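Take a look at the structure below. The paragraphs after it walk through the chain step by step.

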Amino acid sequence: MSTRLFLKFAGGAAAIAMLQPAAAYEFGYSGWAQKPGITLGGGTAGAPPPGLYSFNQVFTYQSRIVGPGAPNVGGSPTSVHAAVEASGLLWVPGWTFLGATYDAVIVQPWIMADVGSPVNINPVGMHNTYIVPAELSWRLGDSGFFIKTGLGVYVPDGTMSGLNGLASVGNPWWTFQPEFVVSYLKDGWNLTANIFEEINTRSTRTGYLSGVLHAEFTATKAIGNWTLGPVAYYVGQVTDDKSSAFYGGAINTNRYALWAAGGLVGYNFGPVQLNVWATHEFSATASDGTAGPPGIDTASITKGYSVFANLSFRLWGADQPPPKRPFITK
């Protein structure tokens with residue numbers, strides 16, 4: 001039963017918009033610590049059998065900046081690309097608390113990004129480490145339903161540069177990420193709704209404050225060794241930013257929203273499980289940016305498509321054979 005395992009590693013694309021003049025977040029920040037769509041390849045409300053699990057995930061994000069304040073050269077939109085690799089560990093010691101199974105996760109993402117004209121930057125480095133000290137998963141009898149809750153933290157240890165600390169791929173603040181996940185995992189079905197919020201502390205460089213809400217949805221079916229089905233996500237600003245003296249009290253923008261849909265295919269090789277999924281952002285809006293020229297909204301956001309691949313396997317299993325379908329309860 002998937003435990004949001006390959007989940008959070010790519011806080012990754014947190015670097016992919018090193019430019020935006022405005023977008024419900026601070027200059028140089030992509031608008032999120034965790035790339036939308038990351039948990040779609042296996043993040044369910046379940047928990048696997050006791051053991052130590054490893055996972056590796058890669059993804060690419062190909063996008064352009066859109067919105068009323070989007071920069072361009074000669075009418076051509078500015079491109080934003082990112083390539084991310086992340087490795088992580090999931091530990092399930094077999095402990096229970098209040099009837100729930102306990103697990104913990106640690107993930108380290110690495111990012112290579114580029115932003116086109118007129119910005120022209122190519123940041124590369126280590127993104128903030130993601131740590132989940134505790135997740136609790138409840139199995140609701142034999143109904144097939146599971147509920148999971150937990151708290152993850154992005155530690156501000158990534159590569160940072162520039163006056164505001166955002167000229168590279170790290171973020172100079174802590175991000176606390178409470179989660180609530182509901183899944184139906186039975187007869188090969190994985191129907192999951194994963195809701196989590198990024199709650200940032202103020203930037204240690206500028207004092208700016210922002211936050212974002214994620215909602216990710218999976219509806220897959222296992223047929224033999226294959227897994228197939230649609231996936232979708234929403235990510236957006238649902239609370240107002242709080243500016244600082246560093247920016248003269250200016251707010252980049254107070255609202256943005258992205259909606260995406262796509263599909264997943266996976267194959268169980270026995271000792272390892274491979275999942276590949278792709279999403280396309282079919283709707284992107286940004287508004288309420290601090291005015292540049294009088295009456296001009298400067299808000300912007302990226303819009304594009306992503307392709308993810310995740311390989312997961314068991315390192316240690318406490319005298320139990322590896323589960324037939326890693327991280328998914330039948």
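In which strand is tryptophan 316 found? Tryptophan 316 sits in strand β16. The model shown here is a predicted one. Tryptophan 316 has 46% relative accessibility, so it counts as partly exposed. That value falls between the cut-offs of 20% for buried and 50% for exposed.

Tryptophan 316 has company at the surface. Leu89, Trp91, Trp95, Ile106, Ile131, Leu315 and Trp316 make up a nonpolar patch. Together they have about 680 Å² of accessible area. Two strands, β4 and β16 (301–316), each give at least two residues to the patch.

Now step back to the whole chain. The protein chain has 16 strands and zero helices. It holds 330 residues, and 55% of them are buried. The chain exposes about 12300 Å², with 66% of this supplied by carbon and sulfur atoms. Take the contacts between residues at least 6 apart in sequence: 68% of them join residues at least 24 apart.

Next, go inside. In soluble globular proteins, nonpolar side chains tend to be buried together. Here, the largest nonpolar core has 25 residues. Trp32, Phe59, Val235, Tyr256, Leu258 and Ile301 have the most contacts inside it. Which strands each supply at least two residues of this core? They are β1, β4, β6, β13 (226–236), β14 (255–268), β15 (272–287) and β16. The largest share comes from β14, with four residues. Another core lies apart from this one. It has 14 residues, including Ala33, Val132, Tyr154 and Leu166.

Strand β4 appears in both the patch and the largest core. Alanine 86 belongs to this strand, which spans residues 79–92. Is alanine 86 buried or exposed? Alanine 86 counts as buried because its relative accessibility is 0%. Histidine 127 is 41 residues away from alanine 86 along the chain. In space, their C-alpha atoms are separated by 9.5 Å.

Charged side chains come next. Side chains of opposite charge can pair when their charged atoms come close. How many salt bridges does the model have? The count comes to two. In one, lysine 148 meets aspartate 103, at 3.6 Å from N to O. This pair links distant parts of the chain, 45 residues apart. Lysine 148 lies in strand β9 (residues 145–155), and aspartate 103 lies in strand β6 (residues 100–115). Both residues are buried.

Lysine 148 also forms a salt bridge with glutamate 135, at 3.8 Å from N to O. Glutamate 135 is in strand β8 (residues 129–139), 13 residues from lysine 148 in strand β9. Glutamate 135 has 0% relative accessibility, so it counts as buried. Salt bridges with shared partners thus tie Asp103, Glu135 and Lys148 into one network. Lysine 148 is itself buried, because its relative accessible area is 0%.

One more stop lies in the segment before β1 (51–66), where threonine 39 is found. Why does threonine 39 count as buried? Its relative accessibility is 2%, and buried means under 20%. The side chain of threonine 39 makes a polar contact of 3.0 Å with the side chain of asparagine 194.

Technical notes
Residues are numbered from 1 along each chain as its sequence is written. This is a predicted model: local features need pLDDT of at least 70, side-chain atom pairs count only at pLDDT 80 or more; totals for chains, interfaces and linings use all residues. Side-chain values use heavy atoms; hydrogens and water are left out. Buried means under 20% relative accessible area, exposed over 50%, partly exposed in between (1.4 Å probe, protein chains only). A polar contact is a pair of N or O atoms within 3.5 Å; within protein, one must be able to donate a hydrogen and the other to accept it, and residues adjacent in sequence count only if both atoms are side-chain atoms. Patches are made of residues with over 30% relative accessible area and no salt bridge: like charges are joined within 9 Å, nonpolar side chains (Val, Leu, Ile, Met, Phe, Trp, Tyr) within 5 Å. Accessible areas come from the Shrake-Rupley method with a 1.4 Å probe; for residues, only the protein chains shown count as cover. A salt bridge is a side-chain nitrogen of Lys or Arg within 4 Å of a carboxyl oxygen of Asp or Glu. Contact means heavy atoms within 4.5 Å. A nonpolar core is a set of buried Ala, Val, Leu, Ile, Met, Phe, Trp, Tyr and Cys residues joined through side-chain atoms within 4.5 Å.
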